[in-house]
Amino acid sequence: MTTRRLRQSDSSSTTAAMASKKGALTSFDNIGDTTSLPDKLPAATEKSKLTWFTAAASLIAGLGFGWFVQKANVYIPIVIFRQMKMEQFTMMKIFLMATATSQICVTLVSVLKRDKYEKVVSAFSGCLPKGVVSSGFGAAILGSGMAVCGACPGTVMVQVGAGLRYSGVVLAGGLVGTILYILAEPVLSYRMDPLGRPSTRKQFLTTWFDMPPWKIAFPMALCLVALVALVEVFLPYTIDYPYPEFYYDQSNASLSNRTAFAKVIVRPIPFLSDHTWPPYACGIAVGLLQLIIVFALQDTLGSSTGWVTLVAGVIHAVLPNTAKKSTYTMKSKDGLINVWQIIYYIGAIAAAALAALSSNLLINPNPPIESFSAVRSFFGGIMILFGSRLAGGCTSGHGISGLSLLNTMSLVAVPFMFAGGIFTAFAIDGFHYGQNYFRVPN
């Protein structure tokens, strides 16, 4: 009799739990709720392996990123430097439009494919969560490095593909920065965040405000689109055209003259051979790549984790005993969540080369695309990778993906990243190290 009652009780509890779960899945207001997410990645995600399908998806995403970043000219060091000095807004336009597009895409996934959304949120929250101090301080170092070398972890690959001078130096600096962070990680992981790290529940605005993602993300995306449109109306991308047919002193030109000059050499419809495509259009294309990553890889767009995978693979091959002592390298050496970015890099390099070749900018471009000095490129490369790993993400990881998922640490990292970049850019210019590459020859 007692056994029967126990079985009935267990059966009732199971039925009630299933009904509760079903109700949660069908409730529109609960879509995207992250309160029940685990504090650790699911085992299936950690052990998933690379397949032909996931490899192809990674390659396609990398090809798209490399092509559109090159066509938007955001890989050019002086473009990023001038953005940090608030003299040019090409980078802001592609970044904000990519973020807004990604927000809309991810939010639609949370409504239509909640299981996919929850896996992505779980993967994002499980990738070495950071606290306020490390997120802010690391992002500030990243932004400062961007002003120094004119690149971020993702655009370095585009620079390499486009054949930019000293792009290999930035790449070398990035690898050194990654090694330095791996060496420092055991100490930084425990001492960098005296305030502690947020729990899974507190990592997202949806749980802070007890609201579904669409109620926050859609208004935020509309605000970003409106901001880009407003800037484009008053400061069209054509006035920032970086490839004049002859050397042209833009700093001494009036706004009206610059606009008239640009209209002569920029066609309104972007063809493959055009040097510049509208940055807002390229931003939309980059944001749409998020769908490929989410559905095929159950991950989000990012560019700095793969650097750790590259270095960890070398360490495991050369110093296997030393590598086994590092939990950080053990987590980063293999698995789909780490390896797919390597293929993504290959795609970005290849597409950037094709995009530059289509515009006759790969081999002996005229005028040449200038880079910063080798020393500046190297130390800037160290800063962007060390900072991005300390912050737990880069412009793609924290900026595009983190803001799309309404991650609280991303909301901390992005302002600090731009603050660090703006401060450093003005400091460099104040000490007369800024360079103007559009001088009229004597």
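In which helix does Thr90 lie? In this predicted model, Thr90 belongs to helix H5, which covers residues 90–112. Thr90 has a relative accessibility of 6%. The cut-off for a buried residue is under 20%, so Thr90 counts as buried.

The surroundings of Thr90 were examined next. Its side chain makes a polar contact with the side chain of Gln88, at 3.5 Å. Leaving aside residues up to four places away in sequence, Thr90 touches Ala72, Val74, Val79, Gln83, Asp240 and Pro279. One of these contacts, Val74, also appears in the lining of the largest cavity.

Internal voids were then searched for across the whole structure. The search finds 7 cavities of 30 Å³ or more. The volume of the largest is about 210 Å³. Its lining comprises 15 residues. Those nearest the centre of this cavity are Val74, Phe95, Cys152, Thr155 and Thr395.

Three helices each supply at least two residues of this lining: H3 (52–71), H5 and H19 (395–404). The largest share comes from H5, with 4 residues. Helix H5 thus holds the buried Thr90 and also provides the largest share of the cavity lining. By residue class, the lining of the largest cavity consists of 12 nonpolar and 3 polar residues. No charged residue is found in this lining.

Conventions: Residues numbered from 1 in each chain as written. Predicted model: local features only at pLDDT ≥ 70, side-chain atom pairs only at ≥ 80, totals over all residues. Heavy atoms only, no water. Buried < 20%, exposed > 50% of the residue type's maximum accessible area, 1.4 Å probe, protein only. Polar contact = N/O pair within 3.5 Å; in protein donor to acceptor, adjacent residues only side chain to side chain. Contact = heavy atoms within 4.5 Å. 1 Å grid on protein atoms, 1.4 Å probe; cavity = no way out; pocket = protein on both sides within 12 Å on 5 of 7 lines; lining within 4 Å. Points joined across faces, edges and corners; volume = space filled by probe spheres on them. Nonpolar A, V, L, I, M, F, W, Y, C, P; charged D, E, K, R; others polar.
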